[in-house]
Amino acid sequence: MAAQATAQIGVTGLAVMGRNLARNLARNGFTVAVHNRSPERTRSLVAEHGDEGTFVPTESLTDFVAALERPRAVIVMVKAGAPTDAVIDELVPLLDEGDIVVDCGNAHFADTRRREEALRGHGLHFVGTGVSGGEEGALRGPSIMPGGSADSYRKLGPIFEKIAAQVDGTPCCRHIGPDGAGHFVKMVHNGIEYADMQLIAEAYDLLRAGLSASPAELAEIFREWNGGELESFLIEITTDVLAHTDAATGRPFVDVVLDQAEQKGTGRWTVQSALDLGIPITGIAEATFARSLSGHAGQRAAARRAFADAGDTWQVDDRETFVEDVRRALLASKIVAYAQGFDQIRAGSREYDWDIDLGGTATIWRGGCIIRARFLDRIREAYDAEPELPTLLVAPWFAERVSAGVPAWRRVVADAARAGVPAPAFASSLAWFDGLRAERLPAALIQGLRDNFGAHTYRRVDRDGSFHTRWAGDRTEVAG
Ligand code: 6PG
C-alpha cells in the first residue's frame, strides 16, 4: 500500500551522512520520509532513532515519493558521480512538475550544472547543496550551501535554516546562487580546508623541529593559540590529535600514523577550477600537491637515501620568540588562503553569473563547517563594508595582521629553508603576498622572451597598443 503524503522532506541514501541529516531533520520537528536501497539501513535507523521525531520509513522509491507532501523535496545522499546519476534517473519519472531534488553530496559543480539543466527540462528543480561539518555536523547542525533556483529555496530555506548550525542567532545557511553555485562554494570551502590543514601541519612540523618538543607539548601551544585570533575548529582538533597517545604502543598517536595524506578529490577540483578561472590559489595548490608528494613513498625513500644531509641542524635560541613567529606566520598564511579562496568564489560567480554574496558566504561558514574560525566574522565585515574589495588582504583588520606578521613570516620561511624542513604552503603564501605587493614583476622579462622566440608581442609602460621587436633582424620595434 502506498504511504500517505505526510512527509515535508525525504532522504534517500542512509549511510552515515544521510542518516544523520535525516535524524537532524526529525529532531527539528520535520516529518521525514526515509529510504535506502537496502532496506535494512532504513529499518535500523527507525529502530534505533525512531523516538527522535517522525520518520516515514519506505522500502521502494515509489512509496518514498508517495510519502512526500507536494511540492516534494527529496534529498539524495549517495556517492558522488555515477551513483548520484543513477538515483536521479530513477527518481525523475516518479516526480511531478515543481518537485525538488537536492544533492547534498560533494558533487563537482559542473555535474550539478548539467543535472540542473536536465531536470529543469522536466519542470523539476535540482538543488546542488554543499553540506559541511562531517558526521557530527550533519546531526547537530552543519553549514549548508544550497544552489539551485530561488523558487526551490522558498521551500527548502525554512527547513535548512532550522537544521543548520546557528551563530549569534543567524543560521549557517543561505541561498548561494543558481545551479552549481552551492557546490562550487563547498568545493572552495574544501580547498581552504586543505590549505588550513597543511598550514597547521607545517606549523607543527616547524615547532617540533625547532623546539625538539613532544607532540603533547606542542598540543599545549595549539591550545593556547586557540584562545586568540587563530581560534578555529581545526586548531581545536589539532590539540586533540597531538595530545592523543596510541593505546597499542604508548607512543604519541601522530607518530604511529603513516605520513601519507589521502584525498577524495575536492582539493584537486578546486585547483583545477582555479587554473581555468586564472586565479592563483597558491596556498591551496601547494596543500594539494603536498598531499600527493606525501604519497610518493618510493620517490621519498630514494631522495632520503641520496640527500640525507641536505639541511642545517636547527638551533632555536629564543623559544618564546620562535613560537610567536610561527603563530604570526600561520595567521598571515591562513589569511592568504582565505583571500585566495574568496578570489576564486568571486571569479566563479562572475564566470557563471551566480551573483554570490561574499560576506554572506563568510557568514554561513562561521559555524557548523570544518573551516569555522573566529576570523570569519572579520571576513564578513570586510566584504559587507566593501563588496568590491580587490583582495581580502587589504581590508584593514587583515592588512594590520599581515603587516605585523611579515618579519616573523620571513624569519620562519627562511629558517625552514635553511634547516631543510619543508614548508611549501608557508613559503608560497609569502611569495604570493610579495608578488602582489611588488612594484615591478619579472613578468616583463617573460613578455620579452615570448616576443623573442615566438613574436607573441608585448605592451609598453609608456604607450597603448601591442608591439613586436624584430629580434632576428634590425631590432626595430613595430606595432604588433
Ligand atoms: C566537510 C568536509 C567533508 C570531507 C572532505 C574530506 O566540509 O564536512 O570537507 O566534505 O571530510 O571531503 O576530503 P578529503 O578526503 O579530500 O580530505
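Start with R19 and E48, whose side chains meet in a salt bridge, with N and O 2.6 Å apart. Side chains of opposite charge can pair when their charged atoms come close. What makes this pair worth a look is that it links distant parts of the chain. R19 belongs to helix 1 (residues 16-27) and E48 to helix 2 (residues 39-49), so 29 residues separate the two partners along the chain. Keep in mind that you're looking at a predicted model. Across this model, the count comes to 39 salt bridges.

Now zoom out. How is the protein chain divided into domains? The domain assignment gives domain 1 (9-175), domain 2 (186-437) and domain 3 (442-479). There's also a UniProt record, an unreviewed entry, that lists residues 182-472 as "domain: 6-phosphogluconate dehydrogenase C-terminal". That stretch is 66% helix and just 2% strand, and the C-alpha atoms at its two ends are 53 Å apart.

Let's look at where domain 1 and domain 2 meet. Their C-alpha centres lie 32 Å apart, and 23 residues of domain 1 are in contact with 20 residues of domain 2. The size of an interface is often given as the accessible area lost when the parts come together. Here, domain 1 and domain 2 bury about 1600 Å² between them, and 65% of that is on carbon and sulfur atoms. Which three residues supply the most on the domain 1 side? They're N106, F109 and R174, which provide 32% of the area that domain 1 buries against domain 2, more than any other three residues.

R174 turns up again when you look for charged pairs. Between domain 1 and domain 2 the count is 2 salt bridges. R174 forms a salt bridge with D357, and the closest N and O atoms of that pair are 3.7 Å apart. The interface also has 5 residue pairs in polar contact. On the side of domain 1 that touches domain 2, the elements giving two or more residues are helix 5 (109-120), strand 6 (125-132), strand 7 (143-146) and strand 9 (170-171). The residues on that side divide into 11 nonpolar, 9 polar and 3 charged.

Finally, follow the backbone itself to a couple of details. A cis peptide bond joins R70 and P71, with omega at about -5 degrees. You'll find P71 in the loop between helix 3 (61-66) and strand 4 (73-76). Further along, D168 has a positive phi of about 50 degrees, although D168 isn't a glycine. Where does D168 sit? Look in the loop between strand 8 (166-167) and strand 9. Strand 9 is one of the elements you've already met on the side of domain 1 that touches domain 2.

Notes:
Residues numbered from 1 in each chain as written. Predicted model: local features only at pLDDT ≥ 70, side-chain atom pairs only at ≥ 80, totals over all residues. Heavy atoms only, no water. UniProt positions renumbered as here; feature names shortened; annotations may be inferred. Helix = DSSP H or I, 4+ residues; strand = E, 2+ residues; numbered from the N terminus. Domains from an automatic or database assignment. Contact = heavy atoms within 4.5 Å. Buried area = accessible area lost by both parts, 1.4 Å probe. Salt bridge = Lys/Arg side-chain N within 4 Å of Asp/Glu carboxyl O. Polar contact = N/O pair within 3.5 Å; in protein donor to acceptor, adjacent residues only side chain to side chain. Nonpolar A, V, L, I, M, F, W, Y, C, P; charged D, E, K, R; others polar.
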